[in-house]
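Hi,

Here is the structure I promised to pass on. Have a look at it first, and my notes follow underneath.

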Amino acid sequence: MTDYKIDTLLAHAGINSDDRTGALVSPIHLSTTYQHPEFGQSTGFDYTRTKNPTRLNLEKTLAAIEKADYALVTSSGMAALVLLFSSFPVGSQIVAARDLYGGSFRWFNEQEANGRFQFRYAHSEENLLAQITAATDYVFIETPTNPLMVEFDIEKVATVAHAHGAKLIVDNTFYSPIYQNPLPLGADVVLHSATKYLSGHNDVLAGALMTNDKDLYEKLFYDQNTTGPTLSPFDAYLLMRGLKTLALRMERSTKNAQQVADFLRQSGAVRDVYYTGKGGMVSVKLLDETRIPSILNQLKVFTFAESLGGVESLITYPATQTHADIPAEVRHSYGLTDDLLRLSIGIEDADDLIADLRQALEEEHGKI
């Protein structure tokens, strides 16, 4: 399966997996328990928390598109993060990029306060590399970062981390495997909030972990079976269904985001635009942050809501939503100020998206 290119892998997610009936699409196996053919025998499935046929088909596809030997899906992106980090020894030292999802910061902060882990944060790639020492056990990055869209050189970070005996974890949610495969670049683990681009329809809550490390996978598999943050069969089916259009959705959202970013750079209401040139995530800083409530209230095509990566365009105010748990002084220290809005560009017509932003950014006495 891994010999095929990603478009083929995605289109064939879960197909022809049921030899008994010949069903093209992977069936949804809702049974929680499975009959043993005879005493001492197993079909390979005993209890659905441990292993489920629908979930297994999904995991095979996720491993293939991230060029991994192993994949696990979880009940949410945060469940994936907690499952992974809970496998680390107490006292582990982690170097992480400072600009990261607020939920990750919230859990990291709690773990450090409880004495489980030690965290060191970096504002830039140069600072991150400088903080990796022999005492570092793990390096954690989102690339691009959320929401300032800073890219890290995964290969460079992996080289430095490994030289000091540390493992690299990459959150690949924003780019997805369409634009980035961290494992071949040297990452040890890839993490996804599969709720976002992998699913793509704002109707599935899921997370995913991929790795080539057999020992780590077996530890994660054991811990997941023990603690239970597994993905339901129906959600596994929905996620497989969403994956089939991932390449098409990413292509369209990128094309739209490029046009939206060009428009925003020309707007007199916008001070800075943060966009890497690929993917659907765009952040902006406004000249007048006091206008943010009225702008959000005036949008008609964009929906003011949390999350990202769906076919519908969303706009988020990180200061009060996704990053509200990060103290203001910390956020401001690395550039996440209260004048920033984060846009997740969907697959609508780009002209409609731009027209919606234009009318919302319009001043009381004329356009800007």
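To start with one residue: is glutamine 93 buried or exposed? Glutamine 93 counts as buried, because its relative accessibility is 11% (buried means under 20% relative accessible area, exposed over 50%, partly exposed in between, with a 1.4 Å probe and protein chains only).

Before the rest, two words on where the values come from. This is a predicted model, in which local features need pLDDT of at least 70 and side-chain atom pairs count only at pLDDT 80 or more, while totals for chains, interfaces and linings use all residues. Residues are numbered from 1 along each chain as its sequence is written, and side-chain values use heavy atoms, with hydrogens and water left out.

**Domains**

The chain is divided into domain 1 (6–245) and domain 2 (246–362), with bounds that come from an automatic or database domain assignment. Their centres, taken over C-alpha atoms, are separated by 26 Å. In the contact between them, 35 residues of domain 1 meet 36 residues of domain 2 (contact means heavy atoms within 4.5 Å).

**The seven-stranded sheet**

One open sheet has seven strands in the order β1-β7-β6-β5-β4-β2-β3, with mixed pairing. Its edge strands, each pairing on one side only, are β1 (70–74) and β3 (118–122). On average, neighbouring strands of this sheet are turned by 20° against each other, direction ignored. Strands and helices here are DSSP runs numbered from the N terminus (E, at least two residues, for strands; H or I, at least four, for helices), and two strands pair if DSSP finds at least two bridges between them. Angles run from 0 to 180 degrees between N-to-C directions, and axes are lines fitted to C-alpha atoms, for helices over the stretch in contact.

Strands β6 (residues 189–193) and β7 (residues 207–211) run antiparallel and are joined by five bridges; valine 190 stands opposite methionine 210 in β7. Helix α6 (residues 154–163) packs on the sheet, where it touches β4 (138–142) and β5 (167–171), and its direction makes about 155° with that of β5. Helix α2 (residues 53–65) lies across β1 and β7, running at about 125° to β1.

Glutamine 93 has its place in strand β2 (residues 93–97). Leaving out residues up to four places away in sequence, glutamine 93 touches Gln118, Arg120, Thr133, Ala135, Thr136, Asp137 and Tyr138.

**Cores**

The largest nonpolar core has 49 residues, of which Leu58, Leu62, Val139, Ile141 and Leu168 touch the most other members. (A nonpolar core is a set of buried Ala, Val, Leu, Ile, Met, Phe, Trp, Tyr and Cys residues joined through side-chain atoms within 4.5 Å.) This core draws at least three residues from each of domain 1 (6–245) and domain 2 (246–362). Another core, of 31 residues, lies apart from it and includes Phe117, Phe119, Tyr121 and Phe140.

Helix α3 (residues 77–85) is mostly covered, with seven of its nine residues buried; among them are Leu81, Leu83, Leu84 and Phe85. At the start of α3, a side-chain oxygen of serine 76 comes to within 3.4 Å of the backbone nitrogen of methionine 78.

**The five-stranded sheet**

A second place to look is the open sheet of five strands, ordered β8-β9-β12-β11-β10 with mixed pairing. Here β8 (270–274) and β10 (303–304) are the edge strands, each pairing on one side only. β10 pairs with strand β11 (residues 314–316) in the parallel sense over two bridges, and phenylalanine 304 stands opposite isoleucine 315 in β11.

Helix α10 lies across β8, β9 (281–286) and β12 (340–344), running at about 155° to β8. Leucine 246 lies in this helix (residues 246–266) and counts as buried because its relative accessibility is 0%. Apart from neighbours within four places in sequence, leucine 246 is in contact with Leu10, Ser176, Pro177, Ile178, Tyr197 and Leu198.

Finally, serine 313 sits in the loop between β10 and β11, and its 1% relative accessibility is why serine 313 counts as buried. A polar atom of the serine 313 side chain lies 2.7 Å from the backbone nitrogen of glycine 346, and a polar contact of 2.7 Å joins the side chains of serine 313 and glutamate 348. (A polar contact is a pair of N or O atoms within 3.5 Å; within protein, one must be able to donate a hydrogen and the other to accept it, and residues adjacent in sequence count only if both atoms are side-chain atoms.)

Best wishes
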